[in-house]
Amino acid sequence: MNCIPKILVLMTTYNGEKYIKEQIESIINQKDVNVDIFVSDDSSTDSSYSILKEYEKQGKIKLIRSKCGSAQKNFYNLINLASEDYDYYALSDQDDYWLEDKLTIAVNSLSKYKSTYPLLYSGTSIPVDENLNVIKKSEYKHHLVNTVEEAFISSNSQGCTMVFNKCLLKLIKNKETKTSIMHDAWLHKTCIIVGGKIIFDKIPHMYYRQHNNNVYSTLKKETKTERILKKIKFIFGNEQAEMRSKLIYEWKGNFNNDLTTEAKRVFDELIATKTSLCKRIKVIFSKRYRSKYRISYFKFIILVLRGKI
């Protein structure tokens, strides 16, 4: 690249005093990119905010204090407030650790495509313990989810690996979902339905720290019965039905002029399954509606059969 790209890292924090410094330093030490860090602290009750204020005084971060109540809403808050003076935007958790080439690799991947189209890079990560000792090697078990049909069924993009371009930022600003879907899944799906390009990197460039305070942690052991009950609740619960139905109408309302022809066709097909048994059967047996993520696929089939999409 002829010039050093400008990247704004969007970091959310809440009671993360133990690991914030390491994560911020790993972002500051990214090579071959011009990085600014924009942090939204969600009213932490530990020393997180004091730590962040010191970084702000040193001119290393821009800091705001918010009352969002969840990481999901906090990320949307940052996206809506983000300056459009940057080439790329990256999402960051408060407790991970980035390898120094993380952003360079992402930007090099994104720069191969026209910046006038929405672009989203995501990848894998290396699970580590509190002291950054590798728990297990990151294995490439995912495949690229890049069709509207499969994206509606499942999503496999990890938010803390995401980097996206200004075009996508402008499209999603102030159009966040009011459903319970996680921000990274929503961003992945939204990029696809507006005709964006998904770049998936199977080589990890960051450490994904696992500890007992993680929202999602492999350290939280579950019994076999608990795992089974969780899957049953996911498959048959009404929350998923309401969420997916609302998502379609939100997307049609917020992105109607930007939706691809394919996305409009898929949404019309799915809406039709609410009132037509023939349409349900057609969708269920269509080869276009398939996913390698079996639990999510089974959930989708159940919703279609019930006319709950």
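Here are four short exercises with worked solutions on a predicted model.

**Exercise 1. Find where His205 sits, decide whether it is buried or exposed, and list what surrounds it.**

Step 1: Start with the location. His205 belongs to the loop that joins β9 (197–201) to β10 (206–209).

Step 2: Now check its accessibility. Buried means under 20% relative accessible area. His205 has 10% relative accessibility, so it counts as buried.

Step 3: Look for a polar partner. The side chains of His205 and Asp201 make a polar contact at 3.0 Å.

Step 4: Set aside the neighbours within four places in sequence. His205 is then in contact with Trp98, Leu99, Asp101, Lys102, Ile105, Tyr121 and Thr124.

**Exercise 2. Work out the strand order of the open sheet that contains β10, and say which strands are at its edges.**

Step 1: Write down the order. Three strands make up this open sheet, arranged β5-β10-β7, with mixed pairing.

Step 2: Find the edges. β5 (97–98) and β7 (126–128) are the edge strands, as each of them pairs on one side only.

Step 3: Take one pair in detail. β7 runs parallel to β10, and three bridges connect them. Across from Ile126 you will find Tyr207 of β10.

**Exercise 3. Asn15 and Asn174 each have a positive phi without being a glycine; compare their settings.**

Step 1: Note the angles. Phi is about 50° for Asn15 and about 60° for Asn174.

Step 2: Place each residue. Asn15 lies in the loop between β1 (6–13) and α1 (20–28), while Asn174 lies in the loop between α6 (166–172) and α7 (183–193).

Step 3: Judge the exposure. Exposed means over 50% relative accessible area, and partly exposed falls between that and the buried cut-off of 20%. Asn15, at 29%, therefore counts as partly exposed. Asn174 has a relative accessible area of 60%, so it is exposed.

**Exercise 4. Which residues of helix α2 are buried, and how are they arranged around the helix axis?**

Step 1: Pick out the buried residues. In α2 (residues 48–57) they are Ser48, Ile51, Leu52 and Tyr55.

Step 2: Look down the axis of α2. The buried residues fall within an arc of 95°, so they line one face of the helix.

Step 3: Ask what that face meets. The buried residues of α2 pack against β1, α1, β2 (34–41) and β3 (62–65).

Step 4: Finish with what follows the helix. After α2 comes Gly59, with a positive phi near 75°.

Definitions and conventions
Residues numbered from 1 in each chain as written. Predicted model: local features only at pLDDT ≥ 70, side-chain atom pairs only at ≥ 80, totals over all residues. Heavy atoms only, no water. Helix = DSSP H or I, 4+ residues; strand = E, 2+ residues; numbered from the N terminus. Buried < 20%, exposed > 50% of the residue type's maximum accessible area, 1.4 Å probe, protein only. Polar contact = N/O pair within 3.5 Å; in protein donor to acceptor, adjacent residues only side chain to side chain. Contact = heavy atoms within 4.5 Å. Pairing = 2+ DSSP bridges. Arc of directions from axis to C-beta.
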